[in-house]
Amino acid sequence: QVQLVESGGGLVQPGGSLRLSCAASGSIFFIYAMAWYRQAPGKQRELVATATNGRDTNYTDSVKGRFTISRDNAKNTVYLQMNSLKPEDTAVYYCYTDVQLMGGPRRDYWGQGTQVTVSS
């Protein structure tokens with residue numbers, strides 16, 4: 001099994017910044033990708049950013065130029081640096097990972113979610 005522990009959410013004013021962290025632990029042989037999703041009240045969960053085991057990254061259009069995803073492969077940790085935050089970024093942010101388990105199958109896992117609120 002794999003556990004994802006997220007941190008870094010909170011309340012911030014418009015234009016401010018936050019940095020989310022997500023550390024994966026457990027029976028990990030290889031991490032194919034790590035990503036951040038978010039879900040605002042009354043809306044579907046959407047993909048925010050992904051980072052593969054290489055250096056490929058992708059972002060949803062609404063966060064391009066403002067958010068940066070990065071990985072520390074040695075620590076099995078993914079970060080999301082969020083700058084120039086807007087009220088519409090308010091959501092619960094979820095960490096996601098696609099892993100090859102030690103001696104087991106390839107599976108994906110979700111974090112518990114961390115609340116980000118952008119408000120004055």
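This report describes the aromatic contacts and one sheet of a predicted model.

## Aromatic pairs

Four aromatic pairs are found in a search of the whole structure. In one pair, the ring centres of F30 and Y32 are 5.0 Å apart and the ring planes meet at 75 degrees. Planes over 60 degrees apart count as edge-to-face, so F30 and Y32 form an edge-to-face pair.

Both residues of this pair can also be described by their accessibility. F30 has a relative accessible area of 31% and is therefore partly exposed. Y32, with a relative accessible area of 27%, is likewise partly exposed; the partly exposed class lies between the buried limit of 20% and the exposed limit of 50%.

A cluster of aromatic residues is also present, formed by Y37, Y96 and W110.

## Charges over rings

Y32 takes part in a further contact: the charged end of R106 sits over the Y32 ring, 3.6 Å from its centre. Elsewhere, R19 lies over the face of Y79, and the distance to the ring centre is 4.1 Å.

## An open antiparallel sheet

Four strands make up an open sheet with antiparallel pairing, and their order is β1-β3-β8-β7. At the edges are β1 (2-7) and β7 (67-72), each of which pairs on one side only. From one strand to the next, the twist averages 15 degrees.

The edge strand β7 is joined to β8 (residues 77-82) by six bridges, and these two strands run antiparallel. Within this pairing, F67 has M82 of β8 as its bridge partner.

Definitions and conventions:
Residues are numbered from 1 along each chain as its sequence is written. This is a predicted model: local features need pLDDT of at least 70, side-chain atom pairs count only at pLDDT 80 or more; totals for chains, interfaces and linings use all residues. Side-chain values use heavy atoms; hydrogens and water are left out. Rings of Phe, Tyr and Trp (its six-membered ring) pair if their centres lie within 6.5 Å; planes under 30 degrees apart count as stacked, over 60 as edge-to-face and the rest as tilted. Buried means under 20% relative accessible area, exposed over 50%, partly exposed in between (1.4 Å probe, protein chains only). A charge sits over a ring if NZ of Lys or CZ of Arg is within 6 Å of the ring centre and within 35 degrees of the ring normal. Two strands pair if DSSP finds at least two bridges between them. Axes are lines fitted to C-alpha atoms, for helices over the stretch in contact, and angles run from 0 to 180 degrees between N-to-C directions.
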